[in-house]
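User: Hi, can you walk me through this one? I'm new to reading structures.
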Amino acid sequence: MIDFAQPKDTEEIRKLWDIAFPEEPLFNDWFFENYFKAENCLVLKKEGKISAMAQLLPYEIQGAGKVSYIYGAATDPSYRRQGLMRRLLEKSFELDRQRGAVASILIPQNKELFDFYGKLGYKTRFYVTAEKTKPCDTTGYSLKRAENGDISFMDSLYKKNQNNYIIRDCNYWEIQLEMFKTLGGECYILLKDNKPVAYGFYTDNYIQEGMGEVNTLAYLAGADKYVSLADKNNTPIGMAYPYGDFPQRLYLNLMFN
């Protein structure tokens with residue numbers, strides 16, 4: 001049976017989640033305490049047990065429409081290699097179309113999963129590259145930690161710098177700011193003569209997303225490199241299964257990945 005989970009399924013879902021994704025226990029705690037909703041989790045049950053699951057997180061892409069972000073897709077180890085995830089995703093496509101979504105999107109963890117999702121019809125639509133920062137003149141620049149009052153500035157800069165991006169409402173920005181703080185990262189606002197000119201989400205010695213004067217921001221924040229959308233030395237990171245016309249390139253940064 002395939003259906004959306006009920007609140008009573010949360011404990012079982014969490015157990016499978018921890019088996020499938022043991023690398024970041026602090027994030028797992030944060031996600032289930034702050035973001036998880038049973039009604040977004042599609043589950044496949046065999047013999048009354050959750051055997052496979054996937055989050056269908058609702059987002060909207062500028063210029064394209066509503067999408068489902070497949071997240072936390074996992075199969076119980078004792079039920080693997082039975083085609084359960086294929087069945088689950090095919091059901092998600094059916095549900096997406098009923099709800100008016102234009103595509104299913106996801107961020108595979110490794111090449112094996114790129115190959116698996118490719119066989120289901122997903123196509124790579126998002127690439128990244130890592131670049132070293134360069135020393136630069138920092139006269140007149142300063143940094144401050146971003147707060148909720150900076151969201152309007154960050155959102156306007158975010159929308160200005162790319163097309164086909166995930167639309168972020170105020171709540172989304174607030175969640176990201178809180179998550180980075182809680183899990184040891186940070187978001188900085190770069191000021192030039194006390195006026196904001198850029199922002200950067202910083203974690204694990206990376207500027208994960210930098211908008212504005214990103215080289216200067218990365219240098220001031222003490223980062224060795226940052227990750228950004230680029231057309232050279234592309235590394236595949238995100239895929240889409242479109243249900244019709246859909247952009248060839250997407251901006252999917254700061255998704256849960």
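User: How are α1 and α2 oriented to each other, roughly parallel or roughly antiparallel?
Analyst: This is a predicted model, to start with. In it, α1 and α2 pack at an angle of about 160 degrees. Angles over 145 degrees count as roughly antiparallel, so these two helices, α1 and α2, are roughly antiparallel to each other.
User: How far apart are their axes?
Analyst: The axes of α1 and α2 are 11 Å apart. The crossing of α1 past α2 is right-handed.
User: Which residues make the contact?
Analyst: From α1, they are Thr10, Ile13, Arg14, Trp17 and Asp18. From α2, they are Pro25, Asn28, Asp29, Phe31 and Phe32. Sorted by class, that contact has five nonpolar, three charged and two polar residues.
User: New topic, pockets. How much space lies in the largest pocket?
Analyst: About 1,200 Å³. Its lining has 39 residues, and the closest to the centre are Ala73, Ala74, Gln109, Leu113 and Tyr117.
User: Which element gives the largest share of that lining?
Analyst: That is α4, with eight residues.
User: And which elements supply at least two residues each?
Analyst: The helices are α1, α2, α3 and α4. The strands are β4 and β12. So the two helices we began with, α1 and α2, also help line the largest pocket.
User: What's the lining like by class, nonpolar, polar or charged?
Analyst: It divides into 22 nonpolar, nine charged and eight polar residues.

Definitions and conventions: Residues are numbered from 1 along each chain as its sequence is written. This is a predicted model: local features need pLDDT of at least 70, side-chain atom pairs count only at pLDDT 80 or more; totals for chains, interfaces and linings use all residues. Side-chain values use heavy atoms; hydrogens and water are left out. On a 1 Å grid over the protein atoms alone, a cavity is a set of points where a 1.4 Å probe fits but cannot get out, and a pocket is an open set with protein on both sides within 12 Å along at least five of seven lines; lining residues have an atom within 4 Å of a point. Grid points are joined across faces, edges and corners, and a volume is the space filled by probe spheres set on the points. Helices (H or I, at least four residues) and strands (E, at least two) are DSSP runs, numbered from the N terminus. Ala, Val, Leu, Ile, Met, Phe, Trp, Tyr, Cys and Pro count as nonpolar, Asp, Glu, Lys and Arg as charged, and the others, Gly among them, as polar. Axes are lines fitted to C-alpha atoms, for helices over the stretch in contact, and angles run from 0 to 180 degrees between N-to-C directions. Angles under 35 degrees count as roughly parallel, over 145 as roughly antiparallel, 65 to 115 as roughly perpendicular and the rest as oblique. A crossing is left-handed if the near helix is turned anticlockwise from the far one by less than a right angle, and right-handed if clockwise. Contact means heavy atoms within 4.5 Å.
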